[in-house]
Amino acid sequence: MIEVTEDDFNVGKILNDAKHPDNGALVTFLGIVRDDGISGMEIESYTDLAVQELNTIEKEALERFNIRSLDVIHRTGTLSVGDNILLIVCGAPHRKDAFAACEYMIDELKKRVQVWKKELHKDGANGKWVGEET
């Protein structure tokens, strides 16, 4: 499952759904909004293009590593500190491929998927885009 959505997700349900008799390992990455002196973030993406590129990366990971499943959910919209941003779940017969595929997915997502994050300041001042020079 590859999804870009404004809706939150149930981590436990997705993990349970990823259990399969052929999988001996599930490796997850959960990205959340951290408190860097901000109240939250605005996350934007061109959803169709983001999903297309995530599907391409998923295909590469399935070909490159001995994994049976790969789920990715990336949120957009206005999120508060502590909210879920990104979930990656890799299922594989063995842990090494699950870890490697999960790391590959996050690294390639960061390089190739068009997602923009704007920090929201607690005092209501205009936020800045992550990566923007100050």
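**Exercise 1. Find what the buried residues of helix H2 pack against.**

Step 1. The buried residues of H2 pack against strands E1 (2–5), E3 (38–45) and E4 (69–75), and against helix H3 (95–112). Contact here means heavy atoms within 4.5 Å. Helices (H or I, at least four residues) and strands (E, at least two) are DSSP runs, numbered from the N terminus.

Step 2. The structure is a predicted model, in which local features need pLDDT of at least 70, side-chain atom pairs count only at pLDDT 80 or more, and totals for chains, interfaces and linings use all residues. Residues are numbered from 1 along each chain as its sequence is written, and side-chain values use heavy atoms, with hydrogens and water left out.

Step 3. The buried residues of H2 are Ala 50, Leu 54, Ile 57, Glu 58 and Ala 61. They lie on the same side of H2 because they cover an arc of only 110° around the axis; the arc is that of the directions from the helix axis to the C-beta atoms. Buried means under 20% relative accessible area, exposed over 50%, and partly exposed in between (1.4 Å probe, protein chains only).

Step 4. On the face turned away from the buried side, H2 carries the exposed residues Asp 48, Leu 49, Lys 59 and Glu 63.

**Exercise 2. Compare the span of helix H3 with the span expected at 1.5 Å a residue.**

Step 1. The expected span of a helix is 1.5 Å times one less than its number of residues.

Step 2. For the 18 residues of H3 this gives 26 Å.

Step 3. The end C-alpha atoms of H3 are 25 Å apart, which agrees.

Step 4. The buried residues of H3 include Ala 98, Cys 102, Met 105 and Glu 108. The buried residues of H3 pack against E2, H2, E4 and strand E6 (84–92).

**Exercise 3. Describe the surroundings of Glu 108 and its salt bridge with Lys 111.**

Step 1. Glu 108 lies in helix H3 and counts as buried, at 12% relative accessibility.

Step 2. Not counting residues up to four places away in sequence, Glu 108 touches Ile 57 and Val 113.

Step 3. A salt bridge is a side-chain nitrogen of Lys or Arg within 4 Å of a carboxyl oxygen of Asp or Glu. Between Glu 108 and Lys 111, the closest N and O atoms are 3.1 Å apart.

Step 4. Glu 108 and Lys 111 are separated by about one helical turn, because they are three residues apart in H3. Lys 111 counts as exposed, at 61% relative accessibility.

Step 5. Salt bridges link Glu 53, Glu 60, Glu 108, Lys 111 and Arg 112 in a network. A search of the whole structure finds eight salt bridges.

**Exercise 4. Decide whether Arg 75 is buried or exposed, and list what Arg 75 touches.**

Step 1. Arg 75 is found in strand E4.

Step 2. The relative accessible area of Arg 75 is 7%, so Arg 75 is buried.

Step 3. Leaving out residues up to four places away in sequence, Arg 75 touches Thr 5, Glu 6, Asp 7, Asp 8, Phe 9, Ile 43, Asp 83, Asn 84 and Ile 85.

**Exercise 5. Do the same for Thr 28, and state the separation of its C-alpha atom from that of Ile 88.**

Step 1. Thr 28 is found in strand E2 (residues 25–32) and is partly exposed, with a relative accessible area of 41%.

Step 2. Thr 28 touches Leu 15, Ile 88, Val 89 and Cys 102, not counting residues up to four places away in sequence.

Step 3. Thr 28 and Ile 88 are 60 residues apart along the chain, and their C-alpha atoms are separated by 5.4 Å.
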